[in-house]
Amino acid sequence: MSHVTKISVVTTVLASSLFLGGCGLFGEKEKASIDPPEGVTLVDDAAGLKEVNGKEAVKTDSKEEATKTIKTELYLIDKSGFVVPQTLELPSKTAVAQQALEYLVADGPVSEMLPNGFRAVIPADTHVSVDIKEGVATANFSKEFATYKKEDELKILQAITYTLTQFDTVDKVVLKLNGTEMNEMPVNKTPIADGLNRSVGINFDLSNVTDVSNTTPLTVYYIGGDDGSYYYVPVTKRVNESNTDTITAAVNELVKGPGLASSLISGFMDDVALIAEPKNEDGKVTLNFNENILGSFKERKISKEALDALVLSLTEQKDIKSVEVLVQGKGGLMDEAGKAITEPVSRPAKVNTGSF
């Protein structure tokens, strides 16, 4: 797993300026199902949302009705300070978006469910409400919201935005404090774009970046956590805006790995490389790697860490739905358990479901 030399992250002022941007690579995403190789952390979820008269309604399958729970991604803060999706079983309710935000409140109902080392992002005693109309989720917070520490401000923005935009009915997010729309955050005054979406980025890695004006955001997934409790962490990096091949750029960032000072690791060895330009046909990306993608496997096996990271990273980009991996131009790969990977792998509905 690769770690390469990178300079430390530049100032929070530079990072917060990214929130001024509009839609980028990370706008509306179609929620695709997945039939992953055995052992992959990420599972499919049949739950979906439909908008009815401006309100959200949940559709559940018979299993969910029986258990009366629904898998929901909550973006929480881990012990290293990263904003990380954790999929938890929440009570099945109609207002699932509002419930998701309620479970981001410290000392609230999420307290008994938090994974080890994680904490909620919204200050305790904050009351929240969510109204969804025409693709816009308006989240209104009580005055207690403005009591967070300034160093948590960007993390709170990211967690709220990513938690709400997991739902099919939400394209962008508007924030209010006591009924008044916010154009900046209340504590450290981070500017808020006119309608937040995933173009704001998450867990900024600004290594080697001194000026973001000629760069574009690119989100890739690295590995965090400890032995026995690993999970995937989305990280937004900056690449030269002249680089129009964002697929190759994402692969290169996975191979380069996270910043030197980061606690994260990459699922790729640093000798992994593409030997041909990626192909994108109707949302199916085909990648042709050298044999180093196989790592230490003697057979044609690919690690679940590498495959998961590729799928998660590339499907963050608009219109990419699945990934096919070739080695020296040939398919026929297997997962670590020896099961043949016979179809392109698509993005799961939920991330980090509790087993790596």
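**Strand β13 and its neighbours**

Reader: Which residue stands opposite glutamate 324 of β13 in this model?
Author: Threonine 286 is the residue facing glutamate 324. Keep in mind that we're looking at a predicted model.

Reader: What makes β12 and β13 a pair?
Author: Two strands pair if there are at least two bridges between them. Strand β12 (residues 284-289) and β13 share six bridges, in the parallel sense, so they count as paired.

Reader: And what about β13 and β14, in which sense do they pair?
Author: Antiparallel, over two bridges, with β14 spanning residues 345-346. The cut-off is at least two, so this counts as a pair too. In β14, serine 346 is the bridge partner of serine 322.

Reader: Why is β13 called mostly covered?
Author: Buried means under 20% relative accessible area. Five of the six residues in β13 (residues 322-327) are buried, so "mostly covered" fits.

Reader: Which helix joins β12 and β13 in a β-α-β unit?
Author: Helix α6 (residues 304-314) does, and the unit is right-handed.

Reader: Why are α5 and α6 called oblique to each other?
Author: Helix α5 (residues 246-256) packs against α6 at about 140°. Roughly antiparallel needs over 145 degrees, and roughly perpendicular runs from 65 to 115. The angle fits neither, so the two helices are oblique. Their axes lie 10 Å apart, and the crossing is right-handed.

Reader: Which residues of α5 and α6 meet?
Author: On the α5 side you'll find Ile247, Ala250, Val251 and Leu254. They meet Ala309, Leu310, Ser313 and Leu314 in α6.

Terms used: Residues are numbered from 1 along each chain as its sequence is written. This is a predicted model: local features need pLDDT of at least 70, side-chain atom pairs count only at pLDDT 80 or more; totals for chains, interfaces and linings use all residues. Side-chain values use heavy atoms; hydrogens and water are left out. Buried means under 20% relative accessible area, exposed over 50%, partly exposed in between (1.4 Å probe, protein chains only). Helices (H or I, at least four residues) and strands (E, at least two) are DSSP runs, numbered from the N terminus. A crossover is right-handed if, with the strands pointing away from the viewer, the path from the first strand over the helix to the second runs clockwise. Axes are lines fitted to C-alpha atoms, for helices over the stretch in contact, and angles run from 0 to 180 degrees between N-to-C directions. Angles under 35 degrees count as roughly parallel, over 145 as roughly antiparallel, 65 to 115 as roughly perpendicular and the rest as oblique. A crossing is left-handed if the near helix is turned anticlockwise from the far one by less than a right angle, and right-handed if clockwise. Contact means heavy atoms within 4.5 Å.
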